[in-house]
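Hi,

Here is the structure I promised to pass on to you. Have a look at it first, and then read on for my notes.

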Amino acid sequence: MIFMEKKDLKPECVFRYFEEVCGVPRPSKKEEKIRAYLTAFAQANGLEYKEDEAGNVLIRKPAAAGMENRKRVVLQSHMDMVCEKNNDVAHDFDADPIETYIDGEWLRAKGTTLGADNGIGIAAELAVLAADDVKHGPLECLFTVDEETGLTGAFALKEGFMNGDILINLDSEDEGELFIGCAGGARTEAEFPCPMVEAPEGYFFFSVAVKGLTGGHSGDDINKGRANANKLLNRYLMTLMRRHDLRICSIDGGNLHNAIPREAHALCAVPMADKESVRVELNVFIADIENEYSVTEPNFVMTLESESAQPQVMETEAMKRFLHSLYAVHNGVYAMSQDIEGLVETSSNLASVKQRDGKILVVTSQRSSILSSRKDMSQMVRSAFELGGAVTSTGEGYPGWKPNPSSEILHIAVDSYKRLFGVEPKIKAIHAGLECGLFLEKYPSLDMVSFGPTLRGVHSPDERMLIPTVDKFWRHLLDVLAHIPVQA
């Protein structure tokens, strides 16, 4: 085991800026503090900068001496981070800094998401901007807002805001892999009626909860066989409904449209005579799930606790339609790519279930590298919900990024990696959404590639960054910048 301290982390400049970024609250749609930090950085370093109406920030740096005739490069990261924490952790993402610590060769956060997605990209850009010994041509650093909840900044980006020939996206999560394509996606929502009626007499009220799931990114991790808390809770409730006169008082699960839900819970009731049967059936159910997910969900927990009687329960027929729809709706991988081996082509994630104001709102997200397949998946999800009486809608979504194997910057990045490390990098497309597809809509001549250090557990409190890969990522980025070709 290698023991490290933060002061010893290399490259020092990147980790120093990453720690600074971790100290600035930056939830999606609340990027005011990180925007102020970036503009203050630009001012302190005498760099030209500008902001647009959406809140995107662009900082320009002149070329190093002798590099003035190179093609202009845009380095790009997003400002916001996914804000997830464990239930037993007291953390205010609007005000508190992310507390990092070293765990072997990994950098982690204390009970929260780390924010390396995409804070490490921000840190690398700042380190390049601040350096006086980096060889690069004319440089622009673009920091976009609200990538995680809607790609708002990329959608709002106007033609002419940036002026690069090449864009290097620093939002990838596997060192040694170069990404040249990504999936497009859309969000589908369903609103179920949730009429409440007077609770029956003589019933046993209890809360049931699914906890401890691995979760993860609904794009990157959708093919890893991880359980979905909403699906597991629904499956257990369906088991009870078939055997008992089940009533539901409330239900809640998941939070973010782009995260595999880790927790879900419901407050329910069954006739008092069925009290012990419910507990026995839970034990059987837990054993089944532990067997099915023995590899991917080692920390799975499911609990059942007695509760005081509630005044109201969900009307029975509405409850049945809702539970059947949730059971029927597709979740997980739907199709694999026929062009790129191992690439998920189409998927859907049952992201969140929220009960409020006499309705139940269900949020799902669909992804696909093929637009028609994504639309088909969204319609499939809507059909399952509409059969249960829900009112559904699918947003406009965002486009994918079609791979270009002939890309000039791709070949430069490949040659650089081989020169530095003596091995071929892997060339891939990613099932997650990157902002690159939206950039191409407004800047169709952009030549793009994406790479970054190794991250795991992204969008969950298990998020961590493999420390040795940050140095390799940094060296690779600098070498690519040094070998950008001259303007034609």
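To start with a question: is phenylalanine 385 buried or exposed? Phenylalanine 385 counts as buried, because its relative accessibility is 0%. Please keep in mind throughout that this is a predicted model.

**Aromatic pairs**

That residue is a good way into the aromatic side chains. Searching the whole structure turns up seven aromatic pairs. In one of them, phenylalanine 385 meets phenylalanine 192 edge-to-face, with 5.7 Å from centre to centre and 85° between the planes. The two residues come from distant parts of the chain: phenylalanine 192 belongs to strand E9 (residues 184–193) and phenylalanine 385 to helix H9 (residues 371–387), with the two 193 residues apart. Phenylalanine 192 counts as buried too, because its relative accessibility is 1%.

Another pair brings together phenylalanine 451 and phenylalanine 473, again edge-to-face, at 6.1 Å centre to centre and 70° between the planes. Here phenylalanine 451 sits in the loop between strand E23 (447–450) and strand E24 (455–456), while phenylalanine 473 is part of helix H12 (residues 467–482). This pair also links distant parts of the chain, its members being 22 residues apart. Phenylalanine 451 is buried, at a relative accessible area of 3%, and phenylalanine 473 counts as buried at 2% relative accessibility.

Going back to the first pair, Phe192 and Phe385 form one aromatic cluster together with Phe322.

Two arginines lie over tyrosine rings. Arginine 16 is over the face of tyrosine 17, 4.9 Å from the ring centre. Arginine 242 is over the face of tyrosine 327, and in that case the distance to the ring centre is 5.6 Å.

**Strand E13 and its partners**

Strand E13 covers residues 247–253 and is mostly covered, with five of its seven residues buried. It runs antiparallel to strand E15 (residues 264–271), and six bridges join the two. One place to look is isoleucine 251, whose bridge partner in E15 is alanine 266. E13 is also joined to strand E19 (residues 344–356), again antiparallel, by two bridges. On that side, glycine 253 has valine 353 of E19 as its bridge partner.

Serine 352 is in E19 as well. With a relative accessible area of 5%, serine 352 is buried. Beyond its neighbours within four places in sequence, serine 352 is in contact with Asn230, Gly253, Gly254, Asn255, Leu361, Val362 and Val363. Gly253, one of these contacts, is the glycine that bridges to valine 353.

**A four-stranded sheet**

There is also an open sheet of four strands, in the order E4-E5-E25-E24, with antiparallel pairing. Strand E4 (100–103) and E24 each have a single partner strand, so they stand at the edges and one side of each is left without a neighbour in the sheet. Further in, strand E5 (residues 106–109) pairs with E25 in the antiparallel sense over three bridges. Leucine 107 is the residue that stands opposite methionine 465 in E25.

**Histidine 459**

Where does histidine 459 lie? The answer is the loop between E24 and strand E25 (464–466). Histidine 459 counts as buried, because its relative accessibility is 2%. Its side chain makes a polar contact with the side chain of aspartate 117 at 3.1 Å. The histidine 459 side chain also reaches the backbone oxygen of asparagine 258, at 3.1 Å. Not counting residues up to four places away in sequence, histidine 459 touches Val82, Glu84, Thr113, Asp117, Glu148, Gly216, His217, Asn258 and Ala259.

**Cysteines**

How many disulfides does a search of the whole structure find? It finds zero. Cysteine 22 is in no disulfide, and the nearest cysteine sulfur, that of cysteine 83, is 12 Å away. Cysteine 22 counts as buried at 2% relative accessibility. Seen from the other end, cysteine 83 is in no disulfide either, and its nearest cysteine sulfur is that of cysteine 22. Cysteine 83 counts as partly exposed, because its relative accessibility is 22%.

Best wishes

Notes. Residues are numbered from 1 along each chain as its sequence is written. This is a predicted model: local features need pLDDT of at least 70, side-chain atom pairs count only at pLDDT 80 or more; totals for chains, interfaces and linings use all residues. Side-chain values use heavy atoms; hydrogens and water are left out. Buried means under 20% relative accessible area, exposed over 50%, partly exposed in between (1.4 Å probe, protein chains only). Two strands pair if DSSP finds at least two bridges between them. Rings of Phe, Tyr and Trp (its six-membered ring) pair if their centres lie within 6.5 Å; planes under 30 degrees apart count as stacked, over 60 as edge-to-face and the rest as tilted. A charge sits over a ring if NZ of Lys or CZ of Arg is within 6 Å of the ring centre and within 35 degrees of the ring normal. A disulfide is a pair of cysteine sulfur atoms within 2.5 Å. A polar contact is a pair of N or O atoms within 3.5 Å; within protein, one must be able to donate a hydrogen and the other to accept it, and residues adjacent in sequence count only if both atoms are side-chain atoms. Contact means heavy atoms within 4.5 Å.
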